[in-house]
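Trainee: I've got the model open and I keep tripping over the labels people attach to it. Can you take me through them?

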Amino acid sequence: MKAVFITEPGGPEVLQVREVDAPEPGPGELLIDVVAAGVNRADVQQRRGFYPPPPGASEIPGLEVSGRIAGFGPEVTRPFAVGDRVVALLAGGGYAEKVAVPAEQVVRIPEGVDLVTAAALPETAATVYSNLFMTAQLQPGELLLIHGATGGIGTMAVQMAKAFGARVAATAGTEEKVSTARAFLGVDVAINYREQDFVEAVREASGGRGADVILDVVGAKYLERNVEALAPYGRLVVIGLQGGAKAELNLGTLLSKRAAVIATALRPRPVAEKGAIMAAVKDHVWPLVTDGRIKPLVDKAFPLAQVSAAHEYFDSGEHVGKILLTM
């Protein structure tokens with residue numbers, strides 16, 4: 001099969017398509033003929049040498065795929081059949097024509113979604129649902145602040161939060177993206193972080209109270225300001241470190257608000273946890289996809305042979321929604 005390897009840490013040019021043996025599914029695993037794979041920031045960080053795969057995971061990048069079941073390892077007990085149309089959450093291995101994955105991390109695609117577009121769903125839906133609802137316990141009527149409204153995570157988070165009845169404020173870096181967030185995604189408060197103070201914008205939108213939940217991909221650079229933007233009993237959930245990993249935290253401010261700072265990562269979680277998250281996504285998110293309240297947004301799809309171009313486009317920051325690789 002064809003698969004992508006990282007020849008050395010660096011830019012998109014270090015991605016190389018090679019011919020390798022297809023994986024054999026182990027105990028409890030399914031073999032999937034991949035139709036498409038999502039491109040995520042974790043893949044970019046792995047390419048740059050900052051985010052190695054967890055122990056035992058494939059060195060091939062790629063954390064989500066769509067495709068058809070091609071075979072079974074021993075001890076698979078879940079009711080799948082060869083040819084079933086599925087998506088899978090991975091620890092690695094997605095940039096390839098075939099992938100072996102624990103059956104717990106595989107679910108059938110939602111009704112009405114084509115197989116290529118479906119690749120935009122598993123990583124974003126699992127990340128957003130697990131962090132906003134399983135961890136932060138976002139409630140209807142609460143105000144959620146999302147940093148990065150128009151990326152893969154941002155577009156999913158806005159739609160999911162709105163579908164569950166929350167109010168949404170979101171940041172973006174250009175007026176075009178701010179307009180997209182407001183008009184296309186339905187954000188209640190769209191903030192150009194280059195021209196506006198997001199803390200003041202959130203306070204103004206909430207009558208001075210602040211955000212009940214903040215979903216943050218920036219990390220250290222925003223830590224102090226995020227805590228300032230929190231409402232009493234607010235929850236800051238950090239899921240990325242684009243702005244660094246180390247910063248000072250004023251515990252006095254946190255104490256005065258009775259607030260919480262939580263940091264999570266999806267990729268290194270055990271199979272059982274990922275399985276529970278995917279089961280919850282299937283039960284609670286897929287119906288919203290089927291009825292159209294959540295739409296997987298694909299900006300552009302590249303053939304696997306153009307993986308370097310796909311990463312160049314991702315690095316440009318111009319995309320709205322997901323970038324995919326097709327097999």
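**From label to cut-off**

Trainee: What makes up the lining of the second largest pocket, class by class?

Mentor: That lining has 18 nonpolar, 5 polar and 6 charged residues. The classes are fixed lists: Ala, Val, Leu, Ile, Met, Phe, Trp, Tyr, Cys and Pro are nonpolar, Asp, Glu, Lys and Arg are charged, and the others, Gly among them, are polar. One caution before we go on: this is a predicted model, where local features need pLDDT of at least 70 and side-chain atom pairs need 80 or more, while totals for chains, interfaces and linings use all residues. Numbering starts from 1 along each chain as its sequence is written, and side-chain values use heavy atoms, with hydrogens and water left out.

Trainee: How much space lies in that second largest pocket, and what lines it closest to the centre?

Mentor: About 420 Å³. Of its 29 lining residues, Gly56, Ala57, Ser58, Gly92 and Ala100 are the closest to the centre. Two elements give two or more residues each, β6 (98-102) and α9 (271-284), and β6 gives the most, with 5.

Trainee: What makes something a pocket rather than a cavity?

Mentor: Whether the probe can get out. On a 1 Å grid over the protein atoms alone, a cavity is a set of points where a 1.4 Å probe fits but cannot get out; a pocket is an open set with protein on both sides within 12 Å along at least five of seven lines, and a lining residue has an atom within 4 Å of a point. Points are joined across faces, edges and corners, and the volume is the space filled by probe spheres set on them.

Trainee: And how many cavities of 30 Å³ or more are there?

Mentor: Just 1. The largest cavity holds about 40 Å³. Its lining includes Ala120, Thr124, Gly152, Lys295 and Lys322, and divides into 4 nonpolar, 4 polar and 2 charged residues. Helix α4 (residues 152-163) supplies the largest share, 4 residues.

Trainee: How do you know what counts as a helix or a strand?

Mentor: DSSP runs decide: helices are H or I with at least four residues, strands are E with at least two, numbered from the N terminus. The chain comes to 11 helices and 15 strands.

Trainee: Why is Asn40 called buried?

Mentor: Buried means under 20% relative accessible area, exposed over 50%, and partly exposed in between, with a 1.4 Å probe and protein chains only. Asn40 has 8%, so buried is the label. It sits in the loop between β3 (29-39) and α1 (41-47). Beyond four places in sequence, its contacts (heavy atoms within 4.5 Å) are Leu63, Glu64, Tyr95, Glu123, Phe314 and Lys322.

Trainee: Does Tyr129 land as buried or exposed?

Mentor: Buried, because its relative accessibility is 9%. Tyr129 lies in helix α3 (residues 122-135) and touches Met160, Phe164 and His284, among others.

Trainee: Where do Glu75 and Arg258 fall on that scale?

Mentor: Glu75 has 63%, so it is exposed; Arg258 has 44%, so it is partly exposed. Glu75 is in the loop between β4 (64-72) and β5 (85-89), Arg258 in the one between α8 (251-257) and β13 (260-263).

Trainee: What makes their phi values worth a look?

Mentor: Most residues other than glycine have a negative phi. Glu75 has a positive one near 70°, and Arg258 a positive one of about 55°.

Trainee: Last one: how do you know whether the radius of gyration agrees with a compact globule?

Mentor: The radius is taken over C-alpha atoms, and the rule is 2.2 Å times the number of residues to the power 0.38. For 327 residues that gives a value near 20 Å; the chain has 19 Å, so it agrees. The C-alpha trace spans about 60 × 40 × 35 Å along its principal axes, and 54% of the residues count as buried. Of contacts with a separation of 6 or more, 68% are between residues 24 or more positions apart.
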